[in-house]
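Trainee: I am new to this structure and would be grateful for a close look at a single part of it. Please explain how that part is arranged, step by step.

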Amino acid sequence: MTDHGKLLEQLQAWCAGLDDEDTNSFQIRIELIANPGWLITATAETAFTHAFLPTKIMRSEHDWIDARDERGELVIAAGPHNLAEALTLLSSALGIGETL
């Protein structure tokens with residue numbers, strides 16, 4: 001299995017393990033943005049499981065990532081080919097996918 005497949009399996013297992021209280025305290029949104037790329041926003045009533053370090057990497061016009069904490073909301077913007085990298089940062093902040 002590819003690392004990306006493993007990442008998706010771990011995110012799905014994390015989601016399946018949430019109870020009603022957990023699902024009411026988290027909100028995760030994945031959107032397309034116009035430049036083009038991806039925008040992932042995640043909010044939680046409690047702090048994220050693991051400390052999150054802002055990340056800004058600009059490799060090329062379509063290969064980039066910008067992740068930051070905006071007043072308790074995790075915001076990850078990424079180039080069109082960087083969705084897996086963005087999801088890896090999200091899973092790290094949630095404390096899942098530690099073995100990737």
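The sheet is taken up in what follows, together with the helix that packs against one of its strands.

Trainee: In what order do the five strands of the open sheet lie, and how are they paired?

Mentor: The model under discussion is a predicted one. Its open sheet consists of five strands, arranged in the order E1-E2-E5-E4-E3, and the pairing is antiparallel. The edges are formed by E1 and by strand E3, residues 55-60. Each of these two has a single partner strand, so one side of each remains without a neighbour in the sheet. On average, neighbouring strands of this sheet are turned by 10° against each other, with direction ignored. As a general point, the strands of a sheet pair through backbone hydrogen bonds, either parallel or antiparallel.

The pairing may be followed from the E3 edge. E3 and E4 pair in the antiparallel sense over five bridges. One of the bridge partners can be named here: Ser60 is matched with Asp63 in E4. The connection from E3 to E4 is a hairpin of two residues.

From E4, the path continues to E5. Strand E4 comprises residues 63-70 and strand E5 residues 73-78, and six bridges join them in the antiparallel sense. Among the partners, Arg68 is matched with Val75 in E5, while Asp69 is matched with Leu74. The hairpin of E4 and E5 likewise has two residues between the strands, and there Arg71 takes a positive phi near 50°.

At the other edge, strand E1 (26-33) meets a helix: the buried residues of H1 pack against E1 and also against helix H3 (83-94). H1 covers residues 3-16. At 1.5 Å a residue, its 14 residues should span 20 Å, and the end C-alpha atoms are indeed 20 Å apart, which agrees. The buried residues of H1 are Leu7, Gln10, Leu11 and Trp14. They cover an arc of only 100° around the axis, and therefore lie on the same side of H1. On the other side of H1, Gln12, Ala13 and Ala16 are exposed. The helix thus turns the side with Leu7, Gln10, Leu11 and Trp14 towards its contacts with E1 and H3, because those buried residues are the ones that pack there.

Technical notes
Residues numbered from 1 in each chain as written. Predicted model: local features only at pLDDT ≥ 70, side-chain atom pairs only at ≥ 80, totals over all residues. Heavy atoms only, no water. Helix = DSSP H or I, 4+ residues; strand = E, 2+ residues; numbered from the N terminus. Expected span 1.5 Å × (residues − 1). Buried < 20%, exposed > 50% of the residue type's maximum accessible area, 1.4 Å probe, protein only. Arc of directions from axis to C-beta. Contact = heavy atoms within 4.5 Å. Pairing = 2+ DSSP bridges. Axes fitted to C-alpha atoms, helices over the stretch in contact; angles between N-to-C directions.
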